[in-house]
Amino acid sequence: MSTIHIDPLEKRWLWAIGGMLAIFWGVQIYFAAAENMHPPSNVETIDSAKLHLSGEFAEENLGVKKEADGSYTVTMVAARYGFYPQEIEVPANTPVKLRIASFDVLHGVHVPFSNMNTMVVPGYVSEVHTQFQTPGSFPMICNEYCGLGHDYMYSKLHVTAGKS
Amino acid sequence: MNNKHIKTVVGVAGLAAAMMISPLFAAGHEAAVAGKAPSTNVAWTAEQVRFVAQGDKTRGAQLSESLFCASCHGNAGVAPSSNWPSLAGQRAEYVFKMLKDYKDGKRKGSHAAEIMTAEGQLVTDQDMADLAQFYASFPLPSLPEGVTFDTAMGEQITYLVRRGDGKRLLAPCQSCHVSNGEGQATDTPALAGQTPEYFIKTMQDYKTGARSNDVYSRMRLIAKVLTDEEIVQLAHYYAGMTAK
């Protein structure tokens with residue numbers, strides 16, 4: 001019976017990698033099972049087909065709201081092909097909570113030069129907490145293929161200087 | 001008097017009443033939808049899509065006769081006058097949604113809308129699904145022979161239709177209404193072969209906000225940034241398009 005020659009160093013690395021995999025899987029399984037942690041971080045379901053009829057994502061409830069603690073809540077809808085309201089304005093260096101839901105299919109929302117980036121899955125509300133550092137106008141871009149107009153799906157985010 | 005006769009009498013009376021009392025209707029609905037109401041009550045849940053799909057086009061044909069739809073929209077859904085929209089080949093979901101929006105007073109802002117709002121009171125949801133399937137069963141209207149349209153801005157308009165205009169946040173028309181103008185699921189309407197006068201009027205109504213039954217203002221935002229000249233040229237572009 002012939003045996004495959006494996007260099008002892010190679011053998012040690014195989015064990016090391018096997019060990020790393022076991023640790024990472026262990027951590028994931030532990031937190032998924034024991035702490036009920038799973039992506040996306042905000043699991044909140046909603047009926048995407050009925051978004052416009054009532055509640056948080058009804059047409060008149062969209063937009064930017066200033067909270068009592070000085071932070072901002074932005075409520076938006078992603079729908080083929082745009083983000084509504086089409087233009088929003090928030091101050092720089094201020095906590096912003098973005099809540100966004102899809103009216104139709106899978107979308108994504110990404111603001112360049114910021115850490116604002118989330119999937120917008122139909123049937124769920126996506127929530128992101130961030131602070132915009134740089135004043136200026138930025139596009140909000142859809143980064144999940146959503147149909148023929150995907151590469152034209154964007155809206156405008158204006159970040160104003162300083163706290164207001 | 002059989003059922004058909006009763007329907008005819010109701011239809012005639014309804015149409016006459018609609019034309020007489022439509023200003024009253026409009027006033028009533030203005031108050032009803034002002035403020036916090038959604039732009040449409042139609043939500044495309046799976047059940048709603050299935051409901052429209054089960055519409056009976058044969059029954060729709062009978063209804064279209066008793067309600068005298070053809071007097072404005074033509075026998076096979078091709079409008080005899082360019083003031084009225086052709087409905088031939090229109091997406092069933094779109095026709096259903098419009099009938100529902102008229103009935104609920106969500107689509108208003110013109111005399112024609114007032115007539116349709118009154119007509120809407122005469123039909124049930126099932127009637128709407130049947131009528132929608134009836135009109136969807138025809139092919140899209142094609143350009144009458146010998147008719148041509150001004151296409152002075154041909155290249156610019158084709159560019160707008162195919163590529164949009166990023167500076168104005170304009171997605172290309174064809175990303176929703178598709179390249180042969182036949183519309184798309186669920187309720188994006190077909191535009192191919194539509195009468196230009198009606199197309200222009202519709203876009204102007206979106207522009208001024210007179211028409212506001214587009215969820216999240218999606219069409220109003222587009223119409224607002226189009227120039228009057230572009231609207232005219234787009235109307236000609238789509239009127240001259242023979243859908244495959």
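## Cores, a nonpolar patch and salt bridges in a predicted two-chain model

In the largest nonpolar core, which has 27 residues, the members that touch the most others are A:Met76, A:Phe83, A:Leu98, A:Ile100, A:Phe132, A:Met140 and A:Leu157. Please keep in mind as you look around that this is a predicted model. Five strands of chain A give two or more residues each to this core: S2 (72-79), S4 (87-91), S5 (95-102), S9 (136-141) and S10 (154-160). The largest share, 4 residues, is supplied by S2(A).

A:Leu98 is a good place to start exploring. Setting aside neighbours within four places in sequence, A:Leu98 is in contact with A:Val74, A:Met76, A:Val109, A:Met116, A:Ser126, A:Glu127, A:Val128 and A:Met140. Another core lies apart from this one; it has 20 residues, including B:Met153, B:Leu160, B:Val161 and B:Met241.

**Chain A and its nonpolar patch**

The domain assignment splits chain A into domain 1 (1-37) and domain 2 (48-160). Between the C-alpha centres of these two domains of chain A the distance is 40 Å.

Chain A also carries a nonpolar surface patch of about 1,300 Å², and among its residues are A:Leu9, A:Trp13, A:Ile17, A:Phe24, A:Trp25, A:Tyr30 and A:Phe31. If you would like one residue to look at here, try A:Trp25, which lies in helix H1 (residues 8-34) of chain A. A:Trp25 has a relative accessible area of 51%, so it counts as exposed, the cut-off being over 50%.

**Chain B**

Chain B has 12 helices and 0 strands. Of its 244 residues, 49% are buried. Taking contacts in chain B between residues at least 6 apart in sequence, 74% of them join residues at least 24 apart. The accessible surface of chain B is about 11,400 Å², and carbon and sulfur atoms account for 58% of that surface.

**Salt bridges**

Side chains of opposite charge can pair when their charged atoms come close. Over all chains, the whole structure holds 13 salt bridges. Here are some from chain B, with the N to O distance for each pair.

| Residue | Partner | N to O distance |
|---|---|---|
| B:Arg59 | B:Asp130 | 2.3 Å |
| B:Lys97 | B:Asp101 | 2.8 Å |
| B:Glu93 | B:Arg91 | 3.3 Å |

The salt bridge between B:Arg59 and B:Asp130 links distant parts of the chain, with B:Arg59 in helix H3 (residues 57-66) and B:Asp130 in helix H7 (residues 125-136) of chain B, 71 residues apart. B:Arg59 is partly exposed, at 27% relative accessible area, while B:Asp130 is buried, at 1%.

B:Lys97 and B:Asp101 sit within a single element: both lie in helix H5 (residues 92-103) of chain B, 4 residues apart, about one turn of the helix. B:Lys97 is buried, with a relative accessible area of 6%, and B:Asp101 is buried too, at 0%.

What about the pair B:Glu93 and B:Arg91: is each buried or partly exposed? B:Glu93 has a relative accessible area of 13% and is therefore buried, whereas B:Arg91, at 21%, counts as partly exposed. The cut-off for buried is under 20%.

Back in chain A, salt bridges that share partners join A:Glu44, A:Glu56, A:Arg99 and A:Glu127 into one network. You have met A:Glu127 already, in contact with A:Leu98.

Methods. Residues numbered from 1 in each chain as written. Chains lettered and ligands numbered in written order. Predicted model: local features only at pLDDT ≥ 70, side-chain atom pairs only at ≥ 80, totals over all residues. Heavy atoms only, no water. Domains from an automatic or database assignment. Core = buried A, V, L, I, M, F, W, Y, C linked by side-chain atoms within 4.5 Å. Buried < 20%, exposed > 50% of the residue type's maximum accessible area, 1.4 Å probe, protein only. Contact = heavy atoms within 4.5 Å. Patch = residues over 30% accessible without salt bridge, like charges linked within 9 Å, V, L, I, M, F, W, Y side chains within 5 Å. Areas by Shrake-Rupley, 256 points an atom, 1.4 Å probe, with all protein chains shown as cover. Salt bridge = Lys/Arg side-chain N within 4 Å of Asp/Glu carboxyl O.
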